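Reader: Could you walk me through one part of this protein up close, namely how its helices pack around the core? Keep it casual, I'm at the bench.

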Amino acid sequence: MADIVADLLRLTEDPNADPRSRRRQTINHLVQALLAMAESQLGPEDAQNRHSIIHLTTIIRDMTGRIADADDATFSAIVREAAMLIRSLERRRADAARFTVH
């Protein structure tokens, strides 16, 4: 999980950006990562997962300003939770791929 968080934070390394802008960039990267995962779940059995991920990204996107303005502990907790979700989705996709017949 730490690698996902580090990757997200590294993507926002803009020396000219203020902390709030970097946080917004981090949130945007989270949304993009989650949407990419939703798009990768193409089978009919993945419809509920895809819907859940899209619903979550909509909530995050709608709350971007409030998340960016959150205190450090809250912002860090949100990023950690999103990273855990991304990691579990990646593992689930990898596990499912092992059992997929091509």
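Author: The protein chain has five helices and zero strands, counting DSSP runs numbered from the N terminus (helices: H or I, at least four residues; strands: E, at least two). This is a predicted model, where local features need pLDDT of at least 70, side-chain atom pairs count only at pLDDT 80 or more, and totals for chains, interfaces and linings use all residues. Residues are numbered from 1 along each chain as its sequence is written, and side-chain values use heavy atoms, with hydrogens and water left out.

On to the core. The largest nonpolar one has 15 residues; such a core is a set of buried Ala, Val, Leu, Ile, Met, Phe, Trp, Tyr and Cys residues joined through side-chain atoms within 4.5 Å, with buried meaning under 20% relative accessible area (1.4 Å probe, protein chains only). Ile27, Leu34 and Ile60 have the most contacts inside this core. At least two core residues come from each of α2 (19-40), α3 (47-62), α4 (64-68) and α5 (72-98), and α2 gives the most, with six.

Take leucine 34: beyond its neighbours within four places in sequence, its contacts (heavy atoms within 4.5 Å) include Ile53, Ile60 and Leu89.

Now α2 against α3. Their axes, lines fitted to C-alpha atoms over the stretch in contact, with angles from 0 to 180 degrees between N-to-C directions, come within 9 Å and cross at roughly 165°. The two helices are therefore roughly antiparallel, a label for angles over 145 degrees. On the α2 side, the residues making the contact include Val31 and Ala38; on the α3 side, Arg50 and Thr57 are among them.

Technical notes: Buried < 20%, exposed > 50% of the residue type's maximum accessible area, 1.4 Å probe, protein only. Parallel < 35°, antiparallel > 145°, perpendicular 65-115°, else oblique.
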